[in-house]
Amino acid sequence: YYPLLFTEDAQIRVKYPEGYNQYEIARSICKNLPSEYKLIIKEHPVFIGQYSAKELYNLSKLPNVVIVNPKMSSKTIFNYADYIVTINSTVGYEALFYDKIVFTIGTPFYNNFPGVVHISSLNEISKFLSNQKLIKENLIPSDKTSISFQSPLMSSPYVPGSMGGISLSSISACAIAVLHSGHQITGASFL
């Protein structure tokens, strides 16, 4: 599963400017997939229409691509996806809570979390997907306590322009769970 990103986001512009052309990144992922894999692609739900109909149509014509409705929840897509490929999308972070393996090509705050395989090039996707042992060797070691702070935030639906029903008590519960989990989170900023 590859979620198309909002290209004007500072996460792309500053941290991974090579990712500006999401259309070409999606095409490159497709070129590097072993033949038995399909790539699920979804537009960013807040920026529907950022990509031209022609670009999306061209992607949909690739034999190993499935374009899904941008309003479809990533949580639903996780039921069909074995892996997530992202530059630094929060979808990658969410996928970790669903025990998905996440390939990152950027530098998201969760790059050193269990379940992440950082790749330096999209050309590496084929190598990893063709060799499950190689994935296991490159995964950050798993620690089951990292999942213990999932439920307070993950159960609330996202509504654009809102906190998605997340209350101050949910945020506090999540913060306490993180502090008690014994994990040291690096590279993340909390407000």
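Reader: Which residues of α2 are called buried, and what does the word require?
Author: The buried residues of α2 are Q22, Y23, I25, A26, S28, I29 and C30. Buried means under 20% relative accessible area, with exposed over 50% and partly exposed in between (1.4 Å probe, protein chains only). This is a predicted model, in which local features need pLDDT of at least 70 and side-chain atom pairs count only at pLDDT 80 or more, while totals for chains, interfaces and linings use all residues. Residues are numbered from 1 along each chain as its sequence is written, and side-chain values use heavy atoms, with hydrogens and water left out.

Reader: What makes helix α2 largely enclosed by the rest of the structure?
Author: Seven of its 10 residues, in the run 22–31, are buried, so the helix is largely enclosed. Helices here are DSSP runs of H or I with at least four residues, strands are runs of E with at least two, and both are numbered from the N terminus. The protein has nine helices and six strands, and 43% of its 191 residues count as buried.

Reader: What polar contact is found at the start of α2?
Author: A side-chain oxygen of N21 comes within 3.2 Å of the backbone nitrogen of Y23. A polar contact is a pair of N or O atoms within 3.5 Å; within protein, one must be able to donate a hydrogen and the other to accept it, and residues adjacent in sequence count only if both atoms are side-chain atoms. The N21 to Y23 pair therefore meets the distance limit.

Reader: Which backbone nitrogens does the side chain of T86 reach?
Author: The side chain of T86 reaches the backbone nitrogen of N88 at 3.5 Å and that of S89 at 2.9 Å. T86 is found in strand β4 and counts as buried because its relative accessibility is 0%.

Reader: What does T86 touch?
Author: Contact means heavy atoms within 4.5 Å. Not counting residues up to four places away in sequence, T86 touches Y2, G92, V102, F103, T104, I105, G106 and Y110.

Reader: Why is L129 called buried, and where does it lie?
Author: Its relative accessible area is 7%, so L129 is buried. L129 is part of helix α6 (residues 124–129). Leaving out residues up to four places away in sequence, it touches L33, P34, Y37, Y83, F103 and I135. P34 is 95 residues from L129 in sequence, with 7.0 Å between their C-alpha atoms.

Reader: What makes a set of residues a nonpolar core, and how many residues has the largest one?
Author: A nonpolar core is a set of buried Ala, Val, Leu, Ile, Met, Phe, Trp, Tyr and Cys residues joined through side-chain atoms within 4.5 Å. The largest has 32 residues, and those with the most contacts inside it are Y2, I29, I87, F103, I125, L129 and I135. Two or more residues each come from α2, β2 (39–42), α3 (53–60), β4 (83–86), β5 (101–104), α6 and α7 (132–138). The largest share, five residues, comes from α2. A second, separate core of 14 residues includes F78, A95, L96 and V116.

Reader: How many aromatic pairs are there, and what makes one edge-to-face?
Author: The whole structure holds 12 aromatic pairs. Rings of Phe, Tyr and Trp (its six-membered ring) pair if their centres lie within 6.5 Å; planes under 30 degrees apart count as stacked, over 60 as edge-to-face and the rest as tilted. Y93 and F97 are edge-to-face, at 5.1 Å centre to centre and 75° between the planes. F109 and F113 are edge-to-face too, at 6.2 Å and 85°. These two pairs fall in one aromatic cluster of Y93, F97, F109, Y110 and F113.

Reader: Which of F97, F109 and F113 are buried, and which partly exposed?
Author: F97 is buried at 10% relative accessible area, and F113 is buried at 17%. F109, at 32%, is partly exposed.

Reader: How do you know that β2 and β3 pair?
Author: Two strands pair if DSSP finds at least two bridges between them. Four bridges join β2 to β3, which run parallel. I40 stands opposite V66 in β3.

Reader: In what order do the strands of this open sheet run, and what makes β1 and β3 its edges?
Author: The order is β1-β2-β3, with parallel pairing. β1 (2–3) and β3 (65–68) each have a single partner strand, so one side of each is left without a neighbour in the sheet.
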